[in-house]
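Let's walk through this one together, from its inner spaces out to a couple of individual residues. Keep the viewer open as you read.

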Amino acid sequence: MRMIPLAAAAVLALQAPAVAQQGFGPLLTPQQAAEAAATLAPLFLDIRVAEEGAPDPYTAGHIPGAVPAPYGLFRGPKESPGSLVPADRLTEVLRGLGVTQDRPTVVVHAGTDATDFGAAARVYWTLKSSGVSQLAIINGGMRAWEQAALPLDTTPVTPAPSDITVTFADDWLATREDVLDVVEGRASAKLIDARPQEFWEGKKAAPAAARPGTLPQSQYFTHDRWFGDNPALIDAGRAQSLAAQAGYTGGEQLVSFCNTGHWAATNWFALSELAGVENVKLYPESMVGWSNADLPMENVPGALSNLWHQIKGVF
């Protein structure tokens with residue numbers, strides 16, 4: 001285990017705000033997370049995955065006591081990675097990780113950029129929907145933890161299994177049927193596309209999507225707008241001001257979507273958890289599931305235009 005020097009620890013202790021039992025999360029600085037580790041004994045879930053050909057990042061060094069919980073455990077099958085993990089399978093996964101509904105739980109991602117943050121936000125959303133009551137994400141992830149010279153360990157952790165049983169709540173979930181109701185006028189909601197503009201315009205599509213385009217009546221608000229000068233640090237104050245500027249006040253239901261519910265999870269987290277906007281939901285399967293179901297879409301290019309965009313993507 002690599003320990004933080006005593007002098008640096010004293011400085012960090014002075015800089016880090018106290019972490020109270022109430023008000024845990026939704027974001028923690030590395031220093032706050034370290035303090036929480038000493039006072040609240042939270043469960044740290046390390047969701048990092050190894051890049052192809054690279055060593056396992058968890059084995060190379062993790063937060064002491066952290067449990068390996070690769071992001072794939074919280075994702076659907078290859079053909080529709082945004083799909084929900086069935087409740088019985090999710091129950092098995094969370095029991096194996098030692099997750100309980102009342103123990104504070106901290107999601108730890110790599111902390112490389114805004115896209116990487118989406119993994120932490122999707123896991124947070126999954127855990128909250130599974131009934132975990134105290135949740136947080138380390139802002140900046142493992143990169144920020146290491147930059148703060150906080151302790152690392154290389155000893156694998158095997159958690160004590162829990163007895164949690166998942167009944168997935170629909171408070172923050174928009175199903176395909178819910179979205180179709182909005183598209184066909186039976187329900188009202190703002191459909192917010194978290195993808196970069198070229199996806200919304202139909203100039204680009206996810207490989208698993210049947211065709212490019214977006215949901216009818218949607219508007220785009222790209223997932224990386226919540227980040228300031230550092231693309232790995234989400235900005236809570238920025239989230240509140242941007243939500244107000246965009247008119248996202250909770251007066252109308254908001255449905256966040258993207259390609260596979262990854263970028264969309266960041267928009268959900270920023271609006272729901274940071275800006276405090278009520279009635280924000282995530283459409284998890286997003287455009288991959290929607291397009292493959294051959295449902296109505298807008299900004300779908302014609303056949304020749306679509307072919308041209310595909311050719312440009314190759315060169």
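## The enclosed space

Start inside: the count comes to 1 cavity of 30 Å³ or more. Keep in mind that this is a predicted model. The space in that cavity is about 50 Å³, and its lining is made up of F74, L84, V85, L90, R122, T126 and F168. Sorted by type, the lining has 5 nonpolar residues, 1 polar and 1 charged.

## The largest pocket

Now for the open kind of space. The largest pocket holds about 440 Å³. Two elements give two or more residues to its lining, namely α5 and α6 (141–147).

In total, 18 residues line this pocket, and the ones that lie nearest its centre are R48, V49, E51, A110 and T112. The lining splits into 10 nonpolar, 3 polar and 5 charged residues.

## Helix α4 and its buried side

One of the cavity-lining residues, L90, takes us to helix α4, which runs over residues 87–97. Which residues of this helix are buried? They are L90, T91, V93, L94 and L97. These residues cover an arc of only 165° around the axis, so they sit on the same side of α4. That fits the usual helix geometry: an α-helix has 3.6 residues a turn, so residues three or four places apart point the same way.

And what do the buried residues of α4 pack against? Their partners are β2 (43–46), β3 (67–68) and α5 (114–129). So α5 turns up twice: as a packing partner here, and as a contributor to the lining of the largest pocket. Just after α4 comes G98, with a positive phi of about 80°.

## D46, in strand β2

Strand β2 is also home to D46. Is D46 buried or exposed? Its relative accessibility is 2%, so D46 counts as buried; the cut-off for that is under 20%.

Setting aside residues up to four places away in sequence, D46 touches Y58, H62, A66, V67, P68, A69, P70 and V108. Take A69 from that list: D46 and A69 are 23 residues apart along the chain, and their C-alpha atoms are separated by 5.4 Å.

## P26, in a loop

For another setting, go to P26, in the loop between α1 (6–15) and β1 (27–28). P26 has a relative accessibility of 21%, so it counts as partly exposed.

Which residues does P26 contact, leaving aside its neighbours within four places in sequence? The list is Y124, L135, A136, I137, F269, E273 and L274. There is also a C-alpha pair to look at here: P26 and I138 are 112 residues apart along the chain, with their C-alpha atoms separated by 8.7 Å.

## The whole chain

Zooming out, the chain has 12 helices and 9 strands. It has 315 residues, and 49% of them count as buried. As for the surface, the chain exposes about 14200 Å², with carbon and sulfur atoms supplying 54% of that area.

How much of the contact network spans long stretches of sequence? Among contacts with a separation of 6 or more, 76% are between residues 24 or more positions apart. The P26–I138 pair is separated by 112 residues along the chain, while D46 and A69 are 23 residues apart.

Technical notes
Residues are numbered from 1 along each chain as its sequence is written. This is a predicted model: local features need pLDDT of at least 70, side-chain atom pairs count only at pLDDT 80 or more; totals for chains, interfaces and linings use all residues. Side-chain values use heavy atoms; hydrogens and water are left out. Buried means under 20% relative accessible area, exposed over 50%, partly exposed in between (1.4 Å probe, protein chains only). Helices (H or I, at least four residues) and strands (E, at least two) are DSSP runs, numbered from the N terminus. The arc is that of the directions from the helix axis to the C-beta atoms. Contact means heavy atoms within 4.5 Å. On a 1 Å grid over the protein atoms alone, a cavity is a set of points where a 1.4 Å probe fits but cannot get out, and a pocket is an open set with protein on both sides within 12 Å along at least five of seven lines; lining residues have an atom within 4 Å of a point. Grid points are joined across faces, edges and corners, and a volume is the space filled by probe spheres set on the points. Ala, Val, Leu, Ile, Met, Phe, Trp, Tyr, Cys and Pro count as nonpolar, Asp, Glu, Lys and Arg as charged, and the others, Gly among them, as polar. Accessible areas come from the Shrake-Rupley method with a 1.4 Å probe; for residues, only the protein chains shown count as cover.
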